[in-house]
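Thanks, everyone; I would like to take a few minutes to walk through one model with you. Please have the sequence and the structure open while I talk, and stop me at any point.

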Amino acid sequence: MPDTPAPVPLDHTAFAADAPTVARALIGTTLLLDGVGGVVVETEAYDREDPASHAFNGPTVRNAAMFGPTGHAYVYRSYGLHWCLNLVCDAARPGSAVLIRAIAPTEGIEAMRARRGLDAPRLLCAGPGRLAQALGVTGAMTGLPLDAPPFRLLPRIEADPPIVIGPRIGLTRGVATPWRFGLAGSAFLSRPFR
């Protein structure tokens, strides 16, 4: 029986579309950092016209990566405590990115457990801060290309996974915008969809 060829990692062209399209397309892909990671099960989209976006008021030192090339990381600290990983997208409108909210851990689970200090697989990467800690995300990764180490992003195994859509979480502006996407039925979401 012949060996199945290894999946070809996604490159920067996967991020050319608008943020909601990319956020939806990322559900079911596999995100790895130095071989640690899993299947993306929850994302949120943000663009420059969105009052909840870091890009809403234009480029700054903090959000510069959002206005750079697509297919690169934008990493920021939330509430001064937790790193959050975003993937820059939308070649036509700079200032767009997708927040990776949760993954289902599949690779490097022991490393994730050590970084997070807990055993429960469901809680390792359920939420952007937890996910960043489990994967070893740091601010030094902002601006790095997603198609080169330490990142590896693999295509979906299932061509059209069932996706649920709802409003984003933890915002004070743009709260009704339905730009949160999740893998239907996943036990690894940061919070259930309404």
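**From the first hairpin to the cores**

Let me begin with a hairpin, formed by β1 and β2 with two residues between them, where D34 in the turn has a positive phi of about 50 degrees. Before going on, I should say that this is a predicted model, in which local features need pLDDT of at least 70 and side-chain atom pairs count only at pLDDT 80 or more, while totals for chains, interfaces and linings use all residues. Residues are numbered from 1 along each chain as its sequence is written, and side-chain values use heavy atoms, with hydrogens and water left out.

A word on terms: helices (H or I, at least four residues) and strands (E, at least two) are DSSP runs, numbered from the N terminus, and two strands pair if DSSP finds at least two bridges between them. Buried means under 20% relative accessible area, exposed over 50%, and partly exposed in between, with a 1.4 Å probe and protein chains only.

With that in hand, back to the turn: D34 is found in the loop between β1 and β2, and its positive phi occurs in a residue other than glycine. Is D34 buried or exposed? At 63% relative accessibility, D34 counts as exposed. There is another such residue to look at, D90, which has a positive phi of about 65 degrees although it is not a glycine; D90 sits in the loop between β4 and β5, but at 5% relative accessibility it counts as buried.

Now to the strands themselves. Strand β1 covers residues 30-33, with T30 and L32 pointing one way and L31 and L33 the other way, and all of them are buried. On one hand β1 pairs with β2 in the antiparallel sense over four bridges, L31 having G38 in β2 as its bridge partner; on the other hand β1 pairs with β6, again in the antiparallel sense and over four bridges, and here the partner of T30 in β6 is L154. Contact, which means heavy atoms within 4.5 Å, tells a matching story for T30: leaving aside its neighbours within four places in sequence, T30 is in contact with G38, V39, R152, L153 and L154. T30 counts as buried, at 11% relative accessibility.

Please move next to β8, which is joined to β2 by three bridges in an antiparallel arrangement and to strand β7 (residues 163-166) by four bridges, also antiparallel. Which residue of β8 is the bridge partner of T43? That partner is F181, and F181 is also the bridge partner of I165. From β8, R180 and G182 point one way and F181 and L183 the other way, all of them buried.

Ahead of the hairpin in sequence is helix α1 (residues 19-26), whose buried residues are A19, P20, V22, A23 and L26. These cover an arc of only 165 degrees around the axis, taken from the directions from the helix axis to the C-beta atoms, which puts them on the same side of α1. The elements that cover the buried residues of α1 include β2 (36-46), β4 (82-89), β5, β6 (151-154) and β8 (180-183). After α1 comes G28, whose phi is positive, near 95 degrees.

Let me turn to the interior. A nonpolar core is a set of buried Ala, Val, Leu, Ile, Met, Phe, Trp, Tyr and Cys residues joined through side-chain atoms within 4.5 Å. The largest has 40 residues, and those with the most contacts inside it are L31, I100 and L135. Strand β5 (residues 96-107) gives the most to this core, with five residues. Apart from it lies another core, of twelve residues, among them Y46, A52, A55 and Y76.

One piece of backbone geometry deserves a look as well: a cis peptide bond joins P149 and P150, with omega about 10 degrees, and P150 is found in the loop between α4 (128-135) and β6.

Finally, the whole chain. The protein has four helices and eight strands, and of its 194 residues 47% count as buried. Among contacts between residues at least 6 apart in sequence, 59% join residues at least 24 apart. I am happy to go back to any of these views.
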